[in-house]
Amino acid sequence: MNSGKLYILQYRPGGEIIEMDPDGGNRRTLLGNLLGNVDGIAIDKKTKTLYWTNMGPAIGPSEGEFFQADGSIECIGLDGANRRMLVGHGLTVTPKQVTADFDAGLLYWCDREGMRVMRSNLDGSNVTVLVRNGVFPVDSNDVMRHCVGIAIDPVNRYIYWTQKGPPDGGKGRIFRTGLEIPAGQQPENRTDIELLIDHLPEPIDLELDTKNNLLYWTDRGNLDGGNSLNRARIGTKQLENHEVLATGLQEGIGLAIDHANQRAFTTELGGEVRVASLTANAQFTTIAKLGILTGIAYVV
């Protein structure tokens, strides 16, 4: 049951990539002193490579009010060696959750203040905008345009992403579109985008169960149904049978699913790493307290 490893991004203090067992034991710092506001994480088991996003520093009178286009994506070996910058140089603003189709050699991520869904090769080349909801920076203060969590289905050729809306606004939404832009269309006007569910408190990170046609997500909203682990069945044109599986998170962010053992691991800005079974009326168990946390990945 406790086979595998968890990899966790500590946002504050200092910023670290932490490795530990699923029960919280054998904890070690893979990489420390990360100052780029880390957020999303993905791991290629075959090459033993960890990818993560840096949102870049916020500037202005309050954190998060203004951002420069200085977000980035980096990678490092699971042995702590060969750290590399992949995407930077103004190509992304505030990259959030990152996922990958490692068989196809592609990274996918959401760019929050950039208001985009994006893709690149694993080496950071060929950065491509797949969805564009606005123009940076003139539209960036419109939080309804912000893209946050992402998941991909390479078999059925779909991208899923969250737009969380305003804090505690009850205007969160989950969308879907094809992996490729339809011929003759552009990222800002593609006609194949589907709204799957709306009026959510504040949906954040996504994970897919393609075998059972299920979508899971965390929600950090402080409303009924928020601060929670969620699941819904993927229907033809919308999400169906939405369930709030477990509640009690302190601004839930990261999500990793252990499909074999039917459990979910979550992280939160409140600082706890938690686990819950993938069943109705589940209860969270805290396995670690590590400071302000964002992304999480589970690897067998």
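Which residue of strand 5 is the bridge partner of I43? In this predicted model, I43 is paired with L50. The two strands concerned, strand 4 and strand 5, run antiparallel and are joined by five bridges. They form a hairpin with four residues between them, and K48 in the turn has a positive phi of about 55°.

The hairpin belongs to an open sheet of four strands in the order 4-5-8-9, with antiparallel pairing. Strand 4 (38–44) and strand 9 (84–87) each have a single partner strand and stand at the edges, so one side of each is left without a neighbour in the sheet. On average, neighbouring strands of this sheet are turned by 25° against each other, direction ignored.

Strand 5 (residues 49–54) is also joined to strand 8 (residues 72–77), by six bridges and in antiparallel orientation. Here T53 has I73 as its bridge partner, and Y51 stands opposite C75. Strand 5 is largely enclosed by the rest of the structure, because six of its six residues are buried. Its two faces are both covered, with T49, Y51 and T53 buried on one side and L50, W52 and N54 buried on the other.

I43 of the hairpin pairing is also among the residues nearest the centre of the largest pocket, together with T99, A100, E207 and H259. This pocket has a volume of about 1,200 Å³ and is lined by 39 residues. Strands 4, 10 (95–101), 14 (150–153), 18 (203–209), 22 (252–258) and 26 (292–299) each give two or more residues to the lining. By residue class, the lining comprises 21 nonpolar, eight polar and ten charged residues.

Key
Residues are numbered from 1 along each chain as its sequence is written. This is a predicted model: local features need pLDDT of at least 70, side-chain atom pairs count only at pLDDT 80 or more; totals for chains, interfaces and linings use all residues. Side-chain values use heavy atoms; hydrogens and water are left out. Two strands pair if DSSP finds at least two bridges between them. Axes are lines fitted to C-alpha atoms, for helices over the stretch in contact, and angles run from 0 to 180 degrees between N-to-C directions. On a 1 Å grid over the protein atoms alone, a cavity is a set of points where a 1.4 Å probe fits but cannot get out, and a pocket is an open set with protein on both sides within 12 Å along at least five of seven lines; lining residues have an atom within 4 Å of a point. Grid points are joined across faces, edges and corners, and a volume is the space filled by probe spheres set on the points. Ala, Val, Leu, Ile, Met, Phe, Trp, Tyr, Cys and Pro count as nonpolar, Asp, Glu, Lys and Arg as charged, and the others, Gly among them, as polar. Buried means under 20% relative accessible area, exposed over 50%, partly exposed in between (1.4 Å probe, protein chains only).
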